[in-house]
Amino acid sequence: MCKIRCKWAQDTEEIYIRYHDEEWGKPVYDDTKLFEMLLLESFQAGLSWLTILKKRENFRKAFDNFDACKIALYQEDKIESLMQDKGIIRNRLKIRSAVKNAKVFLCIQKEFGSFSSYIWKFTNGNIIYLEGDEVAVTTSLSDTISKDLKKRGMSFVGSTIIYSYLQAIGIVNDHTKDCYLYHK
């Protein structure tokens, strides 16, 4: 029997289907994973998520396994090295943003005990489920978190990116009603 998935995960590449089935909409509480997804979402701005998924392992190698402590210490030589790495998105603003965002991420960890505590506090630890058949691109929740992250000094964290991030880390579960993962 064939599983029915969200429309974006039907008739597409296996990597996209695996992402849908194994990650998207599943709650994440691990800070390293939360930072990984934040970094990847910020690089996705203006591109397709499929492009990022295909380069994910290259990003993992280039960005020290998404270790925010290491990334926060990147200097100009490392930024220049990343600009030459054909395996990732070579956008200087996004690379610099990754370094800046790592620093802010570490400050948030220090203030709240973990980034997980910070990000999940916006919903009191609750998962938000899709109510209709259309997936949103922004909500008042993503607006609020985006504004707060920007106020703290992050960049490439607009409301659309943050909404996509919330879906990726399972704070928002937007699996459509016909999807086999709806409300699971």
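This briefing walks through a pocket, two helices and a handful of single residues in the structure above. The model is predicted. Its largest pocket has a volume of about 320 Å³, and helix α9 gives the largest share of that pocket's lining. Helix α2 is mostly covered, while α8 has its buried residues along one face.

**The largest pocket**

- A good place to start is empty space: rolling a probe the size of a water molecule over the atoms shows where it is left.
- The largest pocket has 15 lining residues, and those nearest its centre are Tyr-16, Trp-24, Trp-49, Ser-164 and Gln-167.
- Which helices each supply at least two residues of the lining? They are α1 (14-22), α2 (31-44) and α9 (159-168).
- From α9 come five residues, the largest share of the lining.
- By chemical character, the lining has ten nonpolar residues, four polar ones and one charged one.

**Helix α2, a mostly covered helix**

- Helix α2 has 14 residues, and the distance from its first C-alpha to its last is 20 Å, close to the 20 Å expected at 1.5 Å a residue.
- Twelve of those 14 residues are buried.
- The buried set includes Asp-31, Glu-36 and Glu-41, along with Leu-34, Phe-35, Met-37 and Phe-43.
- Leu-34 is worth finding in this helix, because its relative accessible area is 0% and this puts it among the buried residues.
- Leu-34 also shows how a chain folds back on itself in space: Phe-115 is 81 residues away in sequence, yet the two C-alpha atoms are 7.7 Å apart.

**Helix α8, a helix with two sides**

- Helix α8 covers residues 140-152, which makes 13 residues.
- From first C-alpha to last, α8 reaches 18 Å, close to the 18 Å expected at 1.5 Å a residue.
- Its buried residues are Leu-141, Ser-142, Ile-145, Ser-146, Asp-148 and Leu-149.
- Why do these buried residues line one face of the helix? Seen down the axis of α8, they fall within an arc of 165°, so they share one face.
- The general rule behind such patterns is that an α-helix has 3.6 residues a turn, so residues three or four places apart point the same way.
- On the face of α8 turned away from the buried side, you can find the exposed residues Ser-140, Lys-147 and Lys-151.

**Two phenylalanines with positive phi**

- Phe-66 has a phi near 60°, a positive value in a residue other than glycine.
- Phe-66 sits in the loop between α3 (49-62) and α4 (68-71).
- Phe-156 also has a positive phi, near 55°, and is likewise a residue other than glycine.
- The loop between α8 and α9 is where Phe-156 lies.
- Are these two residues buried or partly exposed? Phe-66 is buried, with a relative accessible area of 1%, whereas Phe-156 is partly exposed, at 28%.

**More residues to look up**

- Asn-173 belongs to strand β2, residues 172-173.
- With a relative accessible area of 2%, Asn-173 is buried.
- A polar atom of the Asn-173 side chain lies 3.1 Å from the backbone nitrogen of His-175.
- Ile-17 is part of helix α1 and is buried, because its relative accessible area of 14% is under the 20% cut-off.
- Cys-6 is eleven residues from Ile-17 in sequence, and their C-alpha atoms are 9.6 Å apart.
- Pro-27 is in the loop between α1 and α2, and its relative accessibility of 34% makes it partly exposed.
- Between the C-alpha atoms of Pro-27 and Lys-100 there are 25 Å, with the two residues 73 apart along the chain.
- Arg-96 is in helix α6, residues 92-112, and counts as partly exposed at 34% relative accessibility.
- Phe-59 is 37 residues from Arg-96 along the chain, and 14 Å separate their C-alpha atoms.

Definitions and conventions: Residues are numbered from 1 along each chain as its sequence is written. This is a predicted model: local features need pLDDT of at least 70, side-chain atom pairs count only at pLDDT 80 or more; totals for chains, interfaces and linings use all residues. Side-chain values use heavy atoms; hydrogens and water are left out. On a 1 Å grid over the protein atoms alone, a cavity is a set of points where a 1.4 Å probe fits but cannot get out, and a pocket is an open set with protein on both sides within 12 Å along at least five of seven lines; lining residues have an atom within 4 Å of a point. Grid points are joined across faces, edges and corners, and a volume is the space filled by probe spheres set on the points. Helices (H or I, at least four residues) and strands (E, at least two) are DSSP runs, numbered from the N terminus. Ala, Val, Leu, Ile, Met, Phe, Trp, Tyr, Cys and Pro count as nonpolar, Asp, Glu, Lys and Arg as charged, and the others, Gly among them, as polar. Buried means under 20% relative accessible area, exposed over 50%, partly exposed in between (1.4 Å probe, protein chains only). A polar contact is a pair of N or O atoms within 3.5 Å; within protein, one must be able to donate a hydrogen and the other to accept it, and residues adjacent in sequence count only if both atoms are side-chain atoms. The expected span of a helix is 1.5 Å times one less than its number of residues. The arc is that of the directions from the helix axis to the C-beta atoms.
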